[in-house]
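Biologist: Please take a close look at the sheet in this model and at what packs against it. Give the cut-offs along with the terms.

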Amino acid sequence: MYVAMNRFRIAVGREEEFINIWRSRDTHLKDVPGFDSFNLLQGETHEEFTLFASHTIWESEQAFRDWTKSEAFRKAHANATSSRGLYLGPPKFEGFSTVL
């Protein structure tokens, strides 16, 4: 199993806007070989931002890497919005392989 996460710092007060972007977004993941599940996680709110993470589970790291090079990946990110002031910096990717 491989877990792929992107952490986002979202401007305080704009959390619902960010959630709605993900709610209405077609990720094109359901038919991707090796894809298992997706969750959008909301973390702590700090003075300047609220932490979110997109969380996907894959059969393997290779399945995830193959998706990042696929047409489905390009389609999922083609209309990625960059609403001014919503994101406080780029997302931070973190990938994890199971060891136990």
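Modeller: In this predicted model, 14 aromatic pairs turn up when the whole structure is searched (rings of Phe, Tyr and Trp, the last by its six-membered ring, with centres within 6.5 Å; planes under 30 degrees apart are stacked, over 60 edge-to-face, the rest tilted). One of them is formed by Tyr2 and Phe64, whose ring centres are 5.6 Å apart and whose planes meet at 35 degrees, so this pair is tilted. Tyr2 belongs to strand E1 and Phe64 to helix H2, so the pair ties together parts that are 62 residues apart in sequence. Helices (H or I, at least four residues) and strands (E, at least two) are DSSP runs numbered from the N terminus.

Residues are numbered from 1 along each chain as its sequence is written. Local features need pLDDT of at least 70 and side-chain atom pairs pLDDT 80 or more, while totals for chains, interfaces and linings use all residues; side-chain values use heavy atoms, without hydrogens or water.

Now the sheet itself. Four strands make up an open sheet, in the order E2-E3-E1-E4, and their pairing is antiparallel (two strands pair if DSSP finds at least two bridges between them). At its edges are strand E2, residues 35–45, and strand E4, residues 92–97, each of which pairs on one side only. From one strand to the next, the twist averages 20 degrees. Angles run from 0 to 180 degrees between N-to-C directions, with axes fitted to C-alpha atoms, for helices over the stretch in contact.

The edge strand E2 is joined to E3 by eight bridges, and the two run antiparallel. The link in sequence between E2 and E3 is a hairpin of three residues. Within this part of the sheet, Phe38 stands opposite Thr56 of E3.

Two helices can be placed against these strands. Helix H1 lies across E1, E2 and E3, and runs at about 175 degrees to E2. Helix H2 packs on the sheet too, touching E1, E3 and E4, and its direction makes about 55 degrees with that of E1. Contact here means heavy atoms within 4.5 Å.

This brings the account back to Tyr2 and Phe64. H2 touches E1 among other strands, and the tilted ring pair has Tyr2 in E1 and Phe64 in H2. E1 is also one of the strands that H1 lies across. In the strand order, E1 stands between E3 and E4, whereas E2 and E4 are the edge strands.
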